[in-house]
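Q: Please take a close look at a single strand of this protein and explain how it is set among its neighbours. Then, for a reader new to the structure, please go on from that strand to other parts of the chain.

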Amino acid sequence: MQSAVMQTPLAYLKGVGPNRAEILKSELGLETFADLLQLYPNRYLDKTQYYKINQLHNSGADVQVVGKIVNLKTVEQKRGKRLVATYVDETGQMELVWFRGHKWIRENLKINEPYVVYGRVNRYGSTFSMPHPEMELLKAHKAGLKVSMQPIYPSTEKLSNKGITNKVLSKMIQQLFLETKANFAETLSKSILNELKLISKADALLNIHFPKSQELLAKAQFRLKFEELFFIQMQLLSKKVARKKKIKGHRFTEVGTHFNDFFNNHLPFNLTNAQKRVIKEIRNDMGSSAQMNRLLQGDVGSGKTIVALMCMLLAIDNGFQACLMAPTEILAQQHYNGLKDLLLQMDIKIALLTGSTKRAERTFLHNQLENGNLNILVGTHAVLEDKVQFKNLGLAIVDEQHRFGVAQRSKLWHKGAQSSAEIGGVSLPPHILVMTATPIPRTLAMSLYGDLDISVIDELPPGRKPIKTVHRYDANRLKVFGFIKDEIKKGRQVYVVYPLIKESEALDYKDLMDGYESIAREFPQPNYQISIVHGQMKAQDKDYEMERFVKGETQIMVATTVIEVGVNVPNASVMIIESAERFGLSQLHQLRGRVGRGAEQSFCILMTSHKLSDDAKTRLETMCRTNDGFEIAEVDLKLRGPGDLMGTQQSGLLNLKIADIVKDNPILKLARYHAIQLFKNDPRLEKEENKSIRNIFSNLIKDKAIWGYIS
Ligand code: ADP
Ligand code: MG
């Protein structure tokens with residue numbers, strides 16, 4: 001693409017001007033010619049086909065039918081009237097329906113004259129009906145036939161209010177084709193175009209905006225989707241190459257006393273095979289001279305913590321410090337307590353740093369970190385503060401990574417680089433291990449995380465019984481209370497979780513408190529003790545309540561989703577989730593993972609009202625059907641798209657202009673394959689035939705210092 005022209009501000013396009021340019025920017029984020037060119041239609045109205053009435057389907061699609069109105073009548077209904085026309089062709093009859101504008105229609109519609117009607121058809125009983133159709137006399141229709149397929153562009157209320165209708169947008173794009181002479185440069189190589197039989201960039205752009213036929217439209221879509229995914233894959237792969245090649249890491253050569261002592265004398269159980277394999281993978285990484293950047297995926301309860309600990313011991317054996325960062329105070333505290341217990345008989349210094357660590361203690365901690373006395377630091381975001389400096393941080397572990405942002409991960413990276421851990425005068429970043437219980441669907445993992453290595457714990461510790469999950473309506477609450485009483489009688493503990501959504505926070509807190517009161521009434525002291533934990537409490541009060549539950553002093557924990565991640569109370573065997581329809585699937589799965597951690601049969605009860613959306617029903621059914629985090633992640637991805645998937649922001653997959661990583665997964669795989677081949681054959685993109693790819697790619701990574709590593 002002649003990039004200078006394409007960077008022209010839209011205000012300079014004929015028919016746009018400063019006012020419209022401003023609206024296009026604020027509403028659709030369009031600033032330049034290039035942006036407008038890449039405003040791809042959401043859908044197309046297909047006016048190339050004419051349907052016979054007996055060919056109609058109840059598909060909700062917009063269709064075009066040639067026929068005649070033979071009868072027009074007004075039908076009274078509960079509210080207002082509707083005007084119904086009987087519309088026929090040689091194959092059958094259907095109805096056209098209007099709820100408004102009856103007078104005008106009665107006066108203007110012609111009976112027994114051939115029309116073309118256009119609109120969405122629905123079926124009621126055995127009759128098809130088309131509400132508020134577009135109508136054109138067949139004669140006029142034939143005379144005016146120009147556009148075959150009409151593009152429908154993304155729009156907003158403000159755009160249409162300001163007169164920037166679909167037609168106007170389409171005109172602007174036509175104008176852009178005129179002014180640039182549609183002279184759009186090719187962005188892919190000849191060999192890729194040939195091998196995949198792709199149409200040229202210029203043809204693709206023309207046909208995406210003004211498709212000549214369904215077939216050309218499909219080709220244009222394929223070509224543009226491929227290109228989009230291809231360049232994302234190029235970026236991911238190049239990052240990975242860069243890291244492997246150039247980013248040196250601390251080489252942990254020793255498997256020393258601490259690791260061995262722990263493994264032989266203090267491990268409270270046998271590791272599962274999956275845990276062993278994963279530890280080996282991580283050891284290999286840290287034993288090479290490249291920096292590790294690894295994602296450890298393992299379903300809730302699969303035992304990631306012990307893996308984290310053993311990796312930290314490796315770091316210590318090699319003379320380094322390690323840190324473990326958790327997203328919430330409760331979880332950090334729990335990790336700290338758990339690790340301290342495991343390390344009780346070993347000579348390892350471990351400390352906790354959170355937002356509520358007292359000043360004096362903090363200063364002491366900072367010193368201990370800097371002089372190297374402290375081996376392991378467990379903490380929350382507080383660990384990232386500039387004041388926290390390590391003597392020689394060798395391994396940083398982030399638990400429940402999805403709760404953290406990318407920026408935070410990179411801050412950790414720099415913690416190592418700033419510290420005095422230097423080899424040959426160059427400071428090295430720590431190895432980084434991020435852990436998550438929110439699995440990435442297998443279909444996506446490879447293509448999405450080109451720049452991360454992945455380890456998976458795909459096995460639960462032995463003896464776990466699958467959690468039984470049921471869905472109950474609010475009306476059955478008394479029965480559910482009865483069930484809770486039985487479980488408590490058996491010595492078990494129970495979680496009751498309420499949603500807390502930012503937008504409705506005040507109402508949610510009210511629900512929580514109401515719920516707490518009704519539970520307190522149903523489960524009175526002194527027979528029952530109840531804990532309550534939510535985000536508005538002081539940290540120390542939260543800890544206190546949590547502690548009581550952990551120790552078994554309370555039987556019921558009423559909470560918001562603050563307990564979502566990580567909390568480990570093996571004796572808790574019942575998870576009640578209130579208003580379960582308001583939670584996302586991965587959140588439900590995370591919450592359910594709080595139970596089923598001991599030897600007893602555990603239960604998860606999803607409470608809802610009777611009003612459920614289709615998506616909510618699917619979520620509930622999925623939860624009741626399976627405990628498999630991967631299966632749940634796949635369903636979640638289909639329901640929600642990739643927006644909430646960890647890492648999608650980094651990879652640019654959220655801002656896709658045309659491709660959809662779920663629906664277009666086969667194209668994504670193809671794009672990845674070709675990106676890999678390209679890097680194999682021409683790692684620096686030096687060959688003449690890859691010049692166009694190099695141009696685009698250089699632009700994409702301009703700010704990212706990747707070229708430095710590759711070339
Ligand atoms: P998660 O992967 O969800 O972080 P945890 O590390 O909290 O899981 O482990 C869950 C529970 O399983 C803990 O109580 C832990 O002690 C226990 N556990 C971990 N590994 C094993 C194992 N190999 N055998 C038995 N119990 C294990
Ligand atoms: Mg955990």
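A: Two strands are said to pair if DSSP finds at least two bridges between them. The model described here is predicted.

The strand chosen is S17, which covers residues 431-436. Strand S10, residues 293-298, pairs with S17 over five bridges in the parallel sense. Within this pairing, Asn293 lies opposite Ile432 of S17. Strand S14, residues 393-398, also runs parallel to S17 and is joined to it by four bridges. Here Leu395 stands opposite His431 of S17. In general, the strands of a sheet pair through backbone hydrogen bonds, in either a parallel or an antiparallel arrangement.

The surroundings of S17 may be followed residue by residue. A residue counts as buried when its relative accessible area is under 20%. On one side of S17, His431, Leu433 and Met435 are buried, and on the other side Ile432, Val434 and Thr436 are buried, so that both faces are covered. Because six of the six residues of S17 are buried, the strand is largely enclosed by the rest of the structure.

Leu395, the residue opposite His431, leads on to the nonpolar interior. The largest nonpolar core has 43 residues, and Leu395 is among those with the most contacts inside it, together with Val307, Met312, Leu313 and Ile376. Helix H13, residues 304-317, gives the most to this core, with 11 residues. Apart from its neighbours within four places in sequence, Leu313 is in contact with His258, Phe259, Phe262, Leu343, Met346 and Ile348. A second, separate core has 34 residues, including Leu36, Leu39, Leu169 and Ile199.

A helix may be set beside S17. Six of the eight residues of H21 are buried, so this helix too is largely enclosed by the rest of the structure. The buried residues of H21 are Leu585, Leu588, His589, Gln590, Leu591 and Arg592. They pack against strands S19, S20, S23 and S24, and against helices H22 and H23. The axes of H21 (residues 585-592) and H22 (residues 614-625) come within 10 Å and cross at roughly 35 degrees. The crossing is right-handed. At this contact, Leu585, Leu588, His589 and Arg592 of H21 meet Arg619, Thr622 and Met623 of H22. By class, the contact of H21 with H22 has three nonpolar, two polar and two charged residues.

Ser579 lies in the loop between S23 and H21. Its phi is near 45 degrees, a positive value in a residue other than glycine. Ser579 is partly exposed, with a relative accessible area of 23%.

An open sheet offers a further view of strand pairing. Seven strands form this sheet in the order S6-S7-S4-S3-S2-S5-S8, with mixed pairing. S6 and S8 stand at the edges and have a single partner strand each, so one side of each is left without a neighbour in the sheet. The twist from one strand to the next averages 45 degrees. S5, residues 114-120, pairs with S8 in the antiparallel sense over four bridges. In that pairing, Val116 stands opposite Glu136 of S8.

Asn112 is found in the loop between helix H4 and S5. Asn112 has a positive phi of about 60 degrees, although it is not a glycine. Its relative accessible area is 49%, so it is partly exposed.

Definitions and conventions
Residues are numbered from 1 along each chain as its sequence is written. Chains are lettered from A and ligands numbered from 1 in the order in which they are written. This is a predicted model: local features need pLDDT of at least 70, side-chain atom pairs count only at pLDDT 80 or more; totals for chains, interfaces and linings use all residues. Side-chain values use heavy atoms; hydrogens and water are left out. Buried means under 20% relative accessible area, exposed over 50%, partly exposed in between (1.4 Å probe, protein chains only). Helices (H or I, at least four residues) and strands (E, at least two) are DSSP runs, numbered from the N terminus. Axes are lines fitted to C-alpha atoms, for helices over the stretch in contact, and angles run from 0 to 180 degrees between N-to-C directions. A crossing is left-handed if the near helix is turned anticlockwise from the far one by less than a right angle, and right-handed if clockwise. Contact means heavy atoms within 4.5 Å. Ala, Val, Leu, Ile, Met, Phe, Trp, Tyr, Cys and Pro count as nonpolar, Asp, Glu, Lys and Arg as charged, and the others, Gly among them, as polar. A nonpolar core is a set of buried Ala, Val, Leu, Ile, Met, Phe, Trp, Tyr and Cys residues joined through side-chain atoms within 4.5 Å.
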